[in-house]
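Trainee: Could you walk me through reading a fold like this one? I would like to take the sheet, then the charges.

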Amino acid sequence: AEVDELSILVAAVEAAGAQDAFEDTSVKVTAFMPTNEAFDDLIAELGLKNVNELLASPLLPNILRYHVVGDPHTSDYFVEGVELPTREGDETLQGYDETTIVAANGNATIMKSDVYTCQGVVEVIDKVMLPPSVFDALEGSSNESAGNSTVAVGGGPPVAGGGGPPV
């Protein structure tokens with residue numbers, strides 16, 4: 001993947017202080033990496049003014065950890081019924097059809113699959129996936145006072161794109 005199409009992800013990793021997570025090459029993972037367009041879509045979906053609002057969010061580290069699965073897998077592993085434990089606590093993603101990953105805020109499509117790195121496998125995706133805990137926090141914050149921007153990202157919940165597999 002070109003650096004340009006992942007530049008917002010790189011900025012997000014830096015903003016979350018997670019650069020060190022990529023130093024230990026003995027740890028092998030699957031990383032789902034959203035494109036810049038995916039971040040732009042999330043920013044619009046959340047009603048944020050710009051990417052800096054997302055980068056300043058205290059929820060950003062949780063969102064990023066949700067994109068990392070503890071074992072390296074190629075896209076042919078992501079079939080219906082496969083649960084993918086993420087680095088975000090007990091949160092899981094689900095495979096569907098080798099090109100679709102099911103998340104709390106909808107489905108992500110793998111745009112570029114099976115990019116091998118020294119730390120495992122990268123799958124470039126078209127959506128920033130939100131873990132259920134972040135999705136719930138966003139929904140809960142929309143019921144609080146509008147002035148509380150430390151919890152809310154954009155002040156309201158994202159619009160779910162359908163939580164289940166495509167039909």
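Mentor: What follows goes through the strands, the salt bridges and a charged patch. Keep in mind that this is a predicted model.

Trainee: Let me begin with the sheet. In which order do the seven strands lie?

Mentor: The order is β2-β1-β7-β6-β5-β4-β3, in an open sheet with mixed pairing. β2 and β3 are the edge strands, and each of them pairs on one side only.

Trainee: How do I read the pairing of β1 with β7?

Mentor: Look at the sense, then at the bridges. β1 and β7 (residues 120–125) run parallel, with six bridges between them. For one bridge, take F32, which faces E123 in β7.

Trainee: And what joins β1 to β2?

Mentor: Two bridges do, and these strands are antiparallel. A31 has V68 of β2 as its bridge partner.

Trainee: Which residues of β1 point to each side?

Mentor: Start with the general idea. Side chains in a regular strand alternate between the two faces of the sheet. Here V29, A31 and M33 lie on one side of β1, and T30, F32 and P34 lie on the other.

Trainee: Are those two faces of β1 covered or open?

Mentor: Both are covered, as the residues on either side are all buried. Buried here means under 20% relative accessible area. Six of the six residues of β1 (residues 29–34) are buried, so the strand is largely enclosed by the rest of the structure.

Trainee: Now the hairpins. How many residues connect β5 to β6?

Mentor: Two residues make that hairpin connection. β5 (residues 100–103) and β6 (residues 106–117) are antiparallel, with four bridges. A103 sits opposite G106 in β6.

Trainee: What follows β6 in the next hairpin?

Mentor: β7 does, with two residues between the strands. β6 and β7 are joined by five bridges in the antiparallel sense. In this pair, V115 has V122 of β7 as its bridge partner.

Trainee: On to the charges. How many salt bridges does the structure hold?

Mentor: Three. The general idea is simple. Side chains of opposite charge can pair when their charged atoms come close. To read each case, check the distance, the location and the exposure.

Trainee: Which partner does K112 have?

Mentor: K112 pairs with E5, at 3.8 Å from N to O. K112 is in strand β6 and E5 is in the segment before α1 (7–15), so the salt bridge ties together parts 107 residues apart in sequence. K112 is partly exposed at 30% relative accessible area. E5 is also partly exposed, at 25%.

Trainee: And which residue meets K127?

Mentor: E45 does, with an N to O distance of 3.9 Å. This pair links distant parts of the chain, 82 residues apart: K127 is in the loop between β7 and α5 (132–141), and E45 is in helix α2 (residues 36–45).

Trainee: Is K127 buried or exposed?

Mentor: K127 counts as buried, at 15% relative accessibility. Its partner E45 is partly exposed, with a relative accessible area of 23%.

Trainee: What about R65?

Mentor: R65 forms a salt bridge with E88, and their closest N and O atoms are 3.1 Å apart. Again the pair links distant parts of the chain: R65 belongs to helix α4 (residues 60–65), E88 to the loop between β3 and β4 (92–95), and they are 23 residues apart. R65 is partly exposed at 35%. E88 is buried at 9%.

Trainee: One last feature. Which residues form the patch of negative charge?

Mentor: D76, E80, D97 and E98 gather there, on the surface. A residue joins a patch only with over 30% relative accessible area and no salt bridge.

Trainee: Where in the chain is E80, one of these residues?

Mentor: E80 is in the loop between β2 (68–69) and β3 (83–85). With a relative accessible area of 59%, E80 is exposed.

Trainee: Then I will go back over the strands with the pairings in hand.

Technical notes: Residues are numbered from 1 along each chain as its sequence is written. This is a predicted model: local features need pLDDT of at least 70, side-chain atom pairs count only at pLDDT 80 or more; totals for chains, interfaces and linings use all residues. Side-chain values use heavy atoms; hydrogens and water are left out. Patches are made of residues with over 30% relative accessible area and no salt bridge: like charges are joined within 9 Å, nonpolar side chains (Val, Leu, Ile, Met, Phe, Trp, Tyr) within 5 Å. Accessible areas come from the Shrake-Rupley method with a 1.4 Å probe; for residues, only the protein chains shown count as cover. A salt bridge is a side-chain nitrogen of Lys or Arg within 4 Å of a carboxyl oxygen of Asp or Glu. Lys and Arg count as positive and Asp and Glu as negative; His and the chain ends are not counted. The place of a charge is taken as NZ of Lys, CZ of Arg, CG of Asp or CD of Glu. Buried means under 20% relative accessible area, exposed over 50%, partly exposed in between (1.4 Å probe, protein chains only). Two strands pair if DSSP finds at least two bridges between them.
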